[in-house]
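Look at the model below and follow the protein along its nucleic acid and then along its partner chain. The text takes these parts in turn.

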Protein chains: 2
Amino acid sequence: MRTDAQRNYAQLLAVAAEVFAEHGTEASLRDVARRAEVGIGTLYRHFPTRDALLQALLASRFDALAEAADGDDLRTWLHRVAFGSAAYRGLPASVLGALRDETSELHASCEAMRTAGAGLLAASQQAGQVRGDVTIADLLIAATSVGWSAEQAGTEGAERQFTLLMDGLRVNIG
Amino acid sequence: MRTDAQRNYAQLLAVAAEVFAEHGTEASLRDVARRAEVGIGTLYRHFPTRDALLQALLASRFDALAEAADGDDLRTWLHRVAFGSAAYRGLPASVLGALRDETSELHASCEAMRTAGAGLLAASQQAGQVRGDVTIADLLIAATSVGWSAEQAGTEGAERQFTLLMDGLRVNIG
DNA sequence: ACCTGAACACCGTTCAAGT
DNA sequence: ACCTGAACACCGTTCAAGT
């Protein structure tokens with residue numbers, strides 16, 4: 001990659017993170033290009049779709065979560081997933097989307113994170129702390145849901161929802 | 001209201017329900033006006049904002065939920081709230097928004113539905129079936145969250161999340 | 001190789017002109 | 001009273017022209 005292209009790529013990514021934080025994942029891409037001081041065509045050359053841009057931003061997030069699993073307990077890790085996914089308005093939907101889309105370029109990062117979480121879950125289940133019929137998919141849906149609530153209803157409500165979720169995982173039914 | 005105005009109002013509402021069902025709550029309002037065979041200015045005259053249109057659609061929904069509480073048990077009613085709010089993409093956010101916005105013209109309908117739900121909750125708590133520290137606000141956040149999951153991850157995952165939620169309500173901790 | 005911006009087809013919203 | 005659509009300022013996306 002040419003050095004100017006490299007600069008533009010990095011700049012676009014940094015600016016996109018800012019703009020999405022301000023206006024959500026539906027923010028104007030033209031605005032991103034403007035603030036990055038780059039022609040709109042350059043944005044499209046590097047990121048052919050809005051999803052491509054979002055995925056580039058999500059990748060590092062997933063990697064960080066995969067790493068964090070080594071050291072967190074299940075509750076701490078799920079909390080990270082939930083409230084981390086609420087970084088931009090609309091992000092929880094993208095996170096869940098990436099988890100479900102197997103054709104995504106992100107799928108490797110997704111899988112790493114998912115298996116890391118599955119490890120924490122299995123340990124908690126073996127220790128008898130979490131009901132046995134819950135899957136990692138269940139937990140990721142529940143956690144991103146809490147992220148959505150944080151966006152919509154504020155942190156307090158979402159924290160209560162998270163606590164309710166964690167308490168609920170302890171029942172032994174299934 | 002003039003009879004042509006009345007016709008237009010009703011037509012716009014009916015078409016909006018269709019278009020939102022197809023394309024979500026962010027669907028093109030111009031498209032709504034076109035399909036309703038009405039000038040775009042007429043749409044804006046009847047519904048000055050997209051939210052006004054959404055609110056008109058939500059009102060009957062809330063009223064129906066308030067009525068349904070008389071006859072449902074808590075689980076059935078919450079299921080209705082959760083999956084009913086997933087009727088259009090983006091609707092769970094509007095439902096939660098309407099519940100939180102006290103200045104909304106919808107607030108009367110909201111309150112009616114909320115108190116109806118609160119009655120079901122209180123009964124379940126007195127019967128010892130639901131933990132005592134859960135509030136109706138908690139349940140409405142949780143239920144609309146499930147609606148969001150249904151949009152994002154499909155019905156199966158959302159149903160599992162709903163079951164997990166209902167099971168979790170039975171723990172006696174608080 | 002890469003960058004640029006004009007061009008196209010849309011959109012939300014307003015408001016003068018009509019009946 | 002109400003309806004209409006042109007007008008404005010935006011947007012996403014593509015692609016010929018430039019370096």
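By class, the surface near DNA strand C is made of 8 nonpolar, 7 polar and 7 charged residues. Near means that a heavy atom of the residue lies within 4 Å of the strand. Of the classes, nonpolar covers Ala, Val, Leu, Ile, Met, Phe, Trp, Tyr, Cys and Pro, charged covers Asp, Glu, Lys and Arg, and polar takes the others, Gly among them. The model is predicted, so that local features need pLDDT of at least 70 and side-chain atom pairs count only at pLDDT 80 or more, while totals for chains, interfaces and linings use all residues. Residues are numbered from 1 along each chain as its sequence is written, chains are lettered from A and ligands numbered from 1 in the order in which they are written, and side-chain values use heavy atoms, with hydrogens and water left out.

Which residues come nearest to DNA strand C? Of the 22 residues around this strand, they are R2(A), N8(A), G39(A), R30(B) and Y44(B). Of the atoms of DNA strand C that come within 4 Å of the protein, sugar and phosphate account for 58%. Some individual atom pairs can be located. G39(A) places a polar backbone atom 2.8 Å from a phosphate oxygen of DNA strand C. R45(A) has a polar side-chain atom 3.4 Å from a phosphate oxygen of DNA strand C, and for a polar side-chain atom of H46(A) the distance to a phosphate oxygen of that strand is 3.4 Å. The elements that give two or more residues to this surface are α1 (3-23) and α3 (40-46) of chain A, together with α2 (29-35) and α3 (40-46) of chain B. The largest share, 5 residues, comes from α3(A). Helices are DSSP runs of H or I with at least four residues, strands are runs of E with at least two, and both are numbered from the N terminus.

Now turn to DNA strand D. Of the 22 residues around DNA strand D, those that come nearest are R30(A), Y44(A), R2(B), N8(B) and G39(B). Sugar or phosphate makes up 59% of the atoms of DNA strand D within 4 Å of the protein, and the rest belong to bases. An N or O atom in the side chain of R34(A) is 3.4 Å from a phosphate oxygen of DNA strand D. H46(B) has a polar side-chain atom 3.4 Å from a phosphate oxygen of DNA strand D. A base is involved at G41(B), where a polar backbone atom is 3.4 Å from a base oxygen of DNA strand D. Two or more residues each come from α2 (29-35) and α3 of chain A and from α1 (3-23) and α3 of chain B. With 5 residues, α3(B) gives the most to the surface near DNA strand D.

The next topic is the fold of one chain. Chain A has 9 helices and 0 strands. Along the principal axes, the C-alpha atoms of chain A fill a box of roughly 55 × 35 × 25 Å. A salt bridge (a side-chain nitrogen of Lys or Arg within 4 Å of a carboxyl oxygen of Asp or Glu) joins the side chains of E22(A) and R35(A), at 3.0 Å from N to O. This pair links distant parts of the chain, with E22(A) in helix α1 and R35(A) in helix α2 of chain A, 13 residues apart. Over all chains, the whole structure has 22 salt bridges.

How do the two protein chains meet? Contact, meaning heavy atoms within 4.5 Å, takes in 28 residues from chain A and 28 residues from chain B. The size of an interface is often given as the accessible area lost when the parts come together. Here the buried area (accessible area to a 1.4 Å probe that two parts lose on being put together, summed over both) is about 2,300 Å², and carbon and sulfur atoms give 63% of that area. The interface of chain A and chain B holds 4 salt bridges. In one of these, the side chains of D138(A) and R160(B) meet at 2.6 Å, N to O. On the side of chain A that touches chain B, α6 (91-100), α8 (136-153) and α9 (155-168) of chain A give two or more residues. The largest share of that side, 9 residues, comes from α8(A).

Finally, the two copies can be compared. A turn of 180 degrees and a shift of 0.0 Å along the axis lays chain A on chain B with an RMSD of 0.0 Å, which means that the relation is that of a two-fold axis. The copies are superposed by least squares on the C-alpha atoms of residues with pLDDT of at least 70 in both. The same surface serves both copies, as 100% of the contact residues of chain A recur in chain B.

Note on methods: Polar contact = N/O pair within 3.5 Å; in protein donor to acceptor, adjacent residues only side chain to side chain.
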